[in-house]
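Visitor: Please walk me through the reasoning behind the labels used for this model.

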Amino acid sequence: MNMYIEEDLELKKVGLELMFLTPEKYDSPEGITAVELSKLVELPLETVKKKLAILKDKSIVRVKGNNPKFWLFDEYNFQRMDEDDDVFLLLCSFDDVDFDRYFSY
């Protein structure tokens with residue numbers, strides 16, 4: 001496994017935030033902007049943009065619009081990813097995930 005991806009906690013944070021995103025967490029019905037997302041995950045905007053590019057290259061996030069761009073997780077493509085893919089394994093590793101961050105019970 002690619003150690004860079006395996007240890008990329010920022011990528012995991014961005015990916016999981018998008019995976020569990022609900023419409024209440026963003027302003028536009030089109031999706032969430034990188035600015036909104038960077039505030040949610042508490043990471044610098046440039047870092048979030050780099051991580052979104054990685055997820056987009058894997059086809060597990062969709063982007064609409066140009067200025068601003070709206071991002072949404074693509075559950076269909078995620079479920080069809082190769083189970084040995086580094087990004088897939090990273091996003092499916094839930095050992096250190098606090099689900100209270102994404103859900104209110």
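Visitor: What makes the contact of Lys64 and Glu30 a salt bridge?
Guide: In this predicted model, the side chains of Lys64 and Glu30 come to 3.6 Å, N to O. The cut-off is 4 Å between a Lys or Arg side-chain nitrogen and a carboxyl oxygen of Asp or Glu, so the pair qualifies. Lys64 lies in strand β1 and Glu30 in the loop between α2 and α3, so the salt bridge ties together parts 34 residues apart in sequence.

Visitor: Why is Asp85 called buried or exposed?
Guide: Asp85 has 15% relative accessibility, and buried means under 20%, so Asp85 counts as buried. Its partner in a salt bridge is Lys58, with the closest N and O atoms 2.8 Å apart. Lys58, at 32%, falls between 20% and 50% and is therefore partly exposed.

Visitor: What makes Arg62 and Asp74 a salt bridge?
Guide: Their closest N and O atoms are 3.8 Å apart, and the limit is 4 Å, so the pair counts. Arg62 in strand β1 and Asp74 in the loop between β2 and α5 are 12 residues apart. Asp74, at 10%, is buried, whereas Arg62, at 39%, is partly exposed.

Visitor: How do you know how α2 and α4 are oriented to each other?
Guide: The axes of α2 and α4 cross at roughly 70° and come within 9 Å. Angles of 65 to 115 degrees count as roughly perpendicular, so the two helices are described that way. By class, their contact has 7 nonpolar, 2 polar and 2 charged residues.

Visitor: Where is confidence lowest and where highest?
Guide: Helix α1 is lowest, at a mean pLDDT of 55, and α4 highest, at 97. Where pLDDT is low, the predicted coordinates should not be read in detail.

Terms used:
Residues numbered from 1 in each chain as written. Predicted model: local features only at pLDDT ≥ 70, side-chain atom pairs only at ≥ 80, totals over all residues. Heavy atoms only, no water. Axes fitted to C-alpha atoms, helices over the stretch in contact; angles between N-to-C directions. Helix = DSSP H or I, 4+ residues; strand = E, 2+ residues; numbered from the N terminus. Parallel < 35°, antiparallel > 145°, perpendicular 65-115°, else oblique. Nonpolar A, V, L, I, M, F, W, Y, C, P; charged D, E, K, R; others polar. pLDDT = per-residue confidence, 0-100. Buried < 20%, exposed > 50% of the residue type's maximum accessible area, 1.4 Å probe, protein only.
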